[in-house]
Amino acid sequence: LGDMEVRLVDGGIRLINHVFLEYYLYGVVPYEMSNSWPLEAIKAQAIAARTYAVRCRSSYSYFDLYDTEVSQVYRGYDPSKQNAIQAVNETYSMVLKYDNDFASTYYSSSNGGRTEACGNLWGESFPYLIVQDDFFDLANPANPNARWTVAYSKLSVEPAFQARIKARMQSYLETAGYSGEEGDIHILQIKELSFDPPNDSGRMEKGRLVVVADVKSKADGTIHTIEYAISLTKTNIRNILNLKSLLFTVEETEDSYILHGGGYGHGVGMSQFGAHYMALEGLTYAHIL
């Protein structure tokens, strides 16, 4: 819906969809939350998405929002998404405000039963985005990520994990006189995986990963065994360890590190699976929000 502007940007074509806010939501709501979910949950999602959109207006030089998770997922108008369309229509123009400003309406798939404070993750604190327990997220039997486990063998390092570590090692190896070619790096062992105590929401923010690897000298092709340490932070932990959230504990056994966690996403604000269960329990969109 709306108009499409075509621009040449950095040697490629960029499309900007100029669209009425409510029509924009038709293309967001059913892709951020299932169209088959209870209407009250979808209404809560519509208001959260609308508020997020108006709060982020003029974020960039000639457009307001990306069509991906960088902003909100937007895939355009599909008339078959009737529940989402109804939810948008029945909450027409409704937004959440706090102290005469648009609220920061963050949301994620699941918080694992405990929300994250906005200040812990992004530095800016709000009195309505605090650490608190979320019974509904954990209690929802449809939530596939309420609890999860990820295990890493110390001596049999899985290929996908090796690839992520090798990509981070390459620059260091080149500088240190070793080959940075992926085929010349062989990770033998995870020597250490440790974390500082979690923050007040139970989420990890700092840690240390040490691997042992065989690498090839650029000078003479000889093989050297080295240790390589990575500082783990709240901005890289999930990517390096391929985790769904930062809410986890670590169990070390003789041959493995086992991460027991919960939730999917940053955990700030509304849990979508929590909202789903609240609606099933008969609560309205106002209660959910």
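This report describes a predicted model of one protein chain, moving from the overall build to a sheet, a set of salt bridges and a mostly covered helix.

## The chain as a whole

The protein chain contains 10 helices and 12 strands, and its C-alpha atoms fill a box of roughly 70 × 50 × 35 Å when the box is taken along the principal axes. Of the 289 residues in the chain, 46% are buried, while the accessible surface comes to about 14800 Å², with 49% of that surface belonging to carbon and sulfur atoms. If one looks at contacts between residues at least 6 apart in sequence, 65% of them join residues that are at least 24 apart.

## An open sheet of three strands

Strands of a sheet pair through backbone hydrogen bonds, and the pairing can be either parallel or antiparallel. In this model, three strands form an open sheet in the order β6-β11-β10, and their pairing is antiparallel. The strands at the edges are β6, residues 148–153, and β10, residues 248–252, each of which pairs on one side only. Neighbouring strands of the sheet are turned against each other by 20 degrees on average, with direction ignored.

The pairing between β10 and β11, the latter covering residues 256–261, is antiparallel and runs over five bridges. A reader who wishes to find this pairing in the structure can look for phenylalanine 248, whose bridge partner in β11 is glycine 261.

## Salt bridges

The structure holds 10 salt bridges, and the table lists some of them with the distance between the closest N and O atoms.

| Basic residue | Acidic residue | Closest N and O atoms |
|---|---|---|
| Arginine 7 | Glutamate 5 | 2.4 Å |
| Arginine 50 | Glutamate 22 | 2.8 Å |
| Lysine 43 | Glutamate 90 | 2.9 Å |

In the pair formed by arginine 7 and glutamate 5, arginine 7 counts as partly exposed because its relative accessibility is 31%, and glutamate 5 is likewise partly exposed, with a relative accessible area of 23%.

Which parts of the chain does the pair of arginine 50 and glutamate 22 tie together? Arginine 50 lies in helix α3, residues 39–55, and glutamate 22 lies in helix α1, residues 21–26, so the salt bridge ties together parts that are 28 residues apart in sequence. Arginine 50 is buried, its relative accessible area being 0%, and glutamate 22 also counts as buried, at 5% relative accessibility.

The salt bridge between glutamate 90 and lysine 43 links distant parts of the chain, since glutamate 90 is in helix α4, residues 82–90, and lysine 43 is in helix α3, 47 residues apart. Is each partner buried or partly exposed? Glutamate 90 counts as partly exposed because its relative accessibility is 39%, whereas lysine 43, at 9% relative accessibility, counts as buried. Salt bridges that share partners join Glu40, Lys43 and Glu90 into one network.

## Helix α9 and its surroundings

Helix α9, which covers residues 272–280, is mostly covered, with eight of its nine residues buried. These buried residues are Gln272, Phe273, Gly274, Ala275, His276, Tyr277, Met278 and Ala279. They pack against several other elements, among them the helices α2 (29–32), α3, α6 (135–139) and α10 (285–288), and also the strands β5 (107–108) and β12 (270–271).

Both ends of α9 can be located through particular residues. At the N-terminal end, serine 271 caps the helix, with a side-chain oxygen lying 3.4 Å from the backbone nitrogen of phenylalanine 273. Beyond the other end, α9 is followed by glycine 282, whose phi is positive and near 95 degrees.

Glutamine 272, which is found in helix α9, counts as buried because its relative accessibility is 7%, and the cut-off for being buried is under 20%. A polar atom of the glutamine 272 side chain lies 2.6 Å from the backbone oxygen of glutamate 32, and a polar contact of 2.8 Å joins the side chains of glutamine 272 and glutamine 45. When residues up to four places away in sequence are not counted, glutamine 272 touches Glu32, Met33, Trp37, Gln45, Tyr107, Ser108 and Ser109.

Note on methods. Residues numbered from 1 in each chain as written. Predicted model: local features only at pLDDT ≥ 70, side-chain atom pairs only at ≥ 80, totals over all residues. Heavy atoms only, no water. Pairing = 2+ DSSP bridges. Helix = DSSP H or I, 4+ residues; strand = E, 2+ residues; numbered from the N terminus. Axes fitted to C-alpha atoms, helices over the stretch in contact; angles between N-to-C directions. Salt bridge = Lys/Arg side-chain N within 4 Å of Asp/Glu carboxyl O. Buried < 20%, exposed > 50% of the residue type's maximum accessible area, 1.4 Å probe, protein only. Contact = heavy atoms within 4.5 Å. Areas by Shrake-Rupley, 256 points an atom, 1.4 Å probe, with all protein chains shown as cover. Polar contact = N/O pair within 3.5 Å; in protein donor to acceptor, adjacent residues only side chain to side chain.
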